[in-house]
Protein chains: 2
Amino acid sequence: MTHTRTTRLERGRSALGPALELVHTGRAPTRAVLTSELGVTRATAGAVAAELEALGLITVDSRPTASAGSQGRPSHRLFLDENGPVVLAAQIHADGYRTALVGLGGRIVATESGCDTIPADPAHVLAEVVASGAGMLERTGRRCLGAALAIPSAVAEPDGEALNPLHLAWPTGAPVRRLFRRALADARIPGVTAGIGFTGNDVNLAALAEHRHGAGRGARDLLCVASGHRGVGGALVLDGRLHSGSSGLALEVGHLTVNPEGAPCHCGSRGCLDVEADPLAFLGAARRAPGPEGSLLRQATDLLREEYDDPSVRAAADLLIDRLGLGIAGLVNILNPDRIILGGLHRELLGADPERLRAVVADRSLWGRSGGVPILPCSLDHNSLVGAAELAWQPVLDDPLVVLEEGAASG
Amino acid sequence: MTHTRTTRLERGRSALGPALELVHTGRAPTRAVLTSELGVTRATAGAVAAELEALGLITVDSRPTASAGSQGRPSHRLFLDENGPVVLAAQIHADGYRTALVGLGGRIVATESGCDTIPADPAHVLAEVVASGAGMLERTGRRCLGAALAIPSAVAEPDGEALNPLHLAWPTGAPVRRLFRRALADARIPGVTAGIGFTGNDVNLAALAEHRHGAGRGARDLLCVASGHRGVGGALVLDGRLHSGSSGLALEVGHLTVNPEGAPCHCGSRGCLDVEADPLAFLGAARRAPGPEGSLLRQATDLLREEYDDPSVRAAADLLIDRLGLGIAGLVNILNPDRIILGGLHRELLGADPERLRAVVADRSLWGRSGGVPILPCSLDHNSLVGAAELAWQPVLDDPLVVLEEGAASG
DNA sequence: CTTGCTTTGTACCGACGGTGAACAAAACAC
DNA sequence: GTGTTTTGTTCACCGTCGGTACAAAGCAAG
């Protein structure tokens, strides 16, 4: 009993995790490339693939593949098991929440959204979120291996308090991770034990998702900047791992100075990115008052898309692009990423005038002339949600044999 | 012949490198703690230690240790072999150069300095530097495993050009790494092949040295800020590895805005850290003209130490501390390090009024109130030099068996 | 000094993962 | 059809590491 456990935890095929990660991120479509990517012999790669298949995580298609092309015996193709286990991912945002069951590869199996107005009691919201997930699990009959939550706030490590849940009407410092774990424990979802239940900042998790499955694939040092409702968020993925700082508070980029004569900010300075390049700032620059319905992001996006011909809108867009570019240039000087991805309003601004933004960044970053950093729009739907799922999948990617634990509890 | 080679390169005791690193950084004083730190059995740790001893890298002292204290059989103590191999480290700075032979553990075995005025031809300087190192190797009879160079300039990866060797009178973009390697190859130092010859920014390497052997030991995310002559440099060590960005240009912190009404900077903005918090700025704030002799750092340091009673000097120090604190706070918001180390003039400013700097950083960083980041002065002599040695040692720390290569070539 | 107790080092065995080689299989080229 | 190329599979061998048993070296108590 204990014997098999220790054996499994400490030894175990060391290539199992890397192999699953390669399939998970789409870098190992066949067993042959899995062999070369892992740097092992064909025999080992075969054993690893067989073991992952036995764990119910991938499928090995040995039938003759129709895809021709090169010479030699065609390699067996590797797929993520479409009926394999899932994780429960949830996102809370200004307009409500969204939950999803997410399989390996960032595949959304089922999703729900609800609750337009978020009550001030986080425990209540989280119970509703977990109930939504439990319902989807019930209906789909999937096995659930973990759960994670994305929130629009800095998340303090190691305990996961929400430090600035500004547009959630939640109390500052709310112990969101603990509340989420308790909600999960109360719901008694099979497979999801109280030990699981990660929580992270939504922009951080979006960056993680884009890095693994979206526009950030292949980047080594990936910087993401996004603005969803109020303020500006940043995230950084280094060597495939999210850098959230020693206490989870890294990449609070909102207080870079981008306009010395700008509006005062609650941080004590003036002209911060937070108040100069978010949806509200855009509406203000275009001399539109924020309307009562729809999120600020939606109002700003609609304005940008539908009235870009209007000179005042265009001027506002140019102004925000210049400020955003200044902020990004500052980050480039500090972080020197090899790719930048923009989300939310900033994605729209990039779409409106890509050249202007790239020119500003190249001009104001120290070494911008030599090449320039690629700046791309984010490319995934629900990327924060998928990123939360990545968080929940991480233990499995680190050691796929964990799926054997609690195996009897699967629903 | 080739058999042993492949065996050595691909397999080999996986714990060998980590074990050497533990002894190297002083975290494994005895075999017992080596066992627990590595998380292996006593038997394995014993075999690993014996192998490292056989490689001539460490010595295992099995004699009865005089140090008593705890109960039970005293553990064998582990030392770095004092007569073991060394690497050649060199640093070029505004006042000349310094070379050293550095053993494991950052121990400087021999050192030389020279050449007060650096000629404009880097190849000439590097030849002189290498000749100095070769001389020391000759005299000491040590075996040399590698060589590395620290320069006061951003170093572009992957080729190692000096991008802004401002106070060296070297041409911008000089291929320093290539020139250094050529100088090494020309000198035909046994053991140092042309394949070795790393180059890095001096502040980056100082940070690496402080992380492993100095005030940064134990930090997970370490930020260093220093000002030596002109401008301000930064460096970041994440999870024990230097983060120099995708093209080596990270942590160019000199162009953070710290004084919106400040002096114009060549980057196009105004009030940049570079021109507001370096030795020249300090002299200016104290209304002293830079003198003809001694580096700017020395002049500023002398002024700060010897005339701190002078109100104008004290006011200048306070001003620079405030500006520096603003810049550091910005970096804290972006990087969220768990420790900060200051070098050069900034180390002196910290020493002059530690509380003022810590207060400014805590006040202007977003989450500074909750604890506050420890800010410490750097603690090593010649930390850039030791950091360069770390670079040269890295291949050995990654796989200690490389010392067997070129073994016959040892002098 | 002798007898425990505790901690560490060593010798040995067994388990197991991975390599390497030989062989079989599945495609294309001629 | 016969080669050639690439891939999958089987199997023997080797090395590393875990685990156990035992010896060694100190302190503590009598």
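A polar contact here is a pair of N or O atoms within 3.5 Å. Keep that cut-off in mind for the DNA part. One more point before we start: this is a predicted model.

Let's go straight to DNA strand D. A phosphate oxygen of strand D sits 3.1 Å from a polar backbone atom of His76(A). That is a backbone contact. Arg31(A) works through its side chain instead: an N or O atom there is 2.5 Å from a phosphate oxygen of strand D. Chain B takes part too. A polar backbone atom of Thr41(B) is 3.5 Å from a phosphate oxygen of strand D.

Now the wider surroundings. How many residues surround DNA strand D? There are 20, and the closest are Arg31(A), Arg42(A), Arg73(A), Ser75(A) and Arg13(B). Of the atoms of strand D that come within 4 Å of the protein, sugar and phosphate make up 66%. Which helices supply this surface? From chain A, α3 (31–38) and α4 each give at least two residues, and α4 of chain B does as well. By class, the surface near strand D has seven nonpolar, eight polar and five charged residues.

Next, DNA strand C. Here 20 residues surround the strand. Closest are Arg13(A), Thr44(A), Arg31(B), Arg42(B) and Ser75(B). Sugar or phosphate holds 69% of the strand C atoms within 4 Å of the protein, and bases hold the rest.

Take the individual contacts. The side chain of Arg31(B) places an N or O atom 2.5 Å from a phosphate oxygen of strand C. Thr41(A) also uses its side chain, with an N or O atom 3.0 Å from a phosphate oxygen of strand C. Arg42(B) goes to a base: a polar side-chain atom lies 2.9 Å from a base oxygen of strand C.

On the element level, α4 (42–54) of chain A supplies at least two residues of the surface near strand C. So do α3 (31–38) and α4 (42–54) of chain B. The class split on this surface is six nonpolar, eight polar and six charged.

Let me step back to the layout of the chain. Chain A has three domains: domain 1 (2–80), domain 2 (86–203 + 383–409) and domain 3 (223–377). Note that domain 2 comes in two segments. The C-alpha centres of domain 1 and domain 3 of chain A are 41 Å apart.

On to internal space. How many cavities of 30 Å³ or more are there? The count is one. About 70 Å³ of space lies inside. The lining belongs to chain B, and Leu57(B), Asp81(B), Glu82(B), Arg107(B) and Arg142(B) are among its residues. Four lining residues are nonpolar, three polar and four charged. Domain 1 (2–80) and domain 2 (86–203 + 383–409) of chain B each contribute at least three residues to this lining.

Now some single residues, starting with Asn201(A). Asn201(A) is in strand β9 (residues 198–201) of chain A. Is Asn201(A) buried or exposed? Buried, because its relative accessibility is 12%. Its side chain has two backbone partners to mention. One is the oxygen of Ser153(A), at 3.0 Å. The other is the nitrogen of Val203(A), at 2.9 Å.

Then Arg358(A), in helix α13 (residues 354–364) of chain A. Its relative accessibility is 29%, so Arg358(A) counts as partly exposed. Gly372(A) is 14 residues away in sequence, and the C-alpha to C-alpha distance is 8.0 Å.

A quick look at backbone geometry. The peptide bond from Glu157(A) to Pro158(A) is cis, with omega near 5 degrees. Pro158(A) is in the loop between β7 (155–156) and β8 (161–162) of chain A. In chain B, the bond from Glu157(B) to Pro158(B) is cis, again with omega near 5 degrees. Pro158(B) is in the loop between β7 (155–156) and β8 (161–162) of chain B.

Last, two positive phi values outside glycine. Asp239(B) has phi near 50 degrees. Asp239(B) sits in the loop between β11 (233–238) and β12 (241–242) of chain B, and with a relative accessible area of 57% Asp239(B) is exposed. Arg287(B) has phi of about 60 degrees. Its loop runs between α9 (279–285) and α10 (296–306) of chain B. Arg287(B) is exposed as well, at 72% relative accessibility.

Notes
Residues numbered from 1 in each chain as written. Chains lettered and ligands numbered in written order. Predicted model: local features only at pLDDT ≥ 70, side-chain atom pairs only at ≥ 80, totals over all residues. Heavy atoms only, no water. Domains from an automatic or database assignment. 1 Å grid on protein atoms, 1.4 Å probe; cavity = no way out; pocket = protein on both sides within 12 Å on 5 of 7 lines; lining within 4 Å. Points joined across faces, edges and corners; volume = space filled by probe spheres on them. Nonpolar A, V, L, I, M, F, W, Y, C, P; charged D, E, K, R; others polar. Near = heavy atom within 4 Å. Polar contact = N/O pair within 3.5 Å; in protein donor to acceptor, adjacent residues only side chain to side chain. Helix = DSSP H or I, 4+ residues; strand = E, 2+ residues; numbered from the N terminus. Buried < 20%, exposed > 50% of the residue type's maximum accessible area, 1.4 Å probe, protein only.
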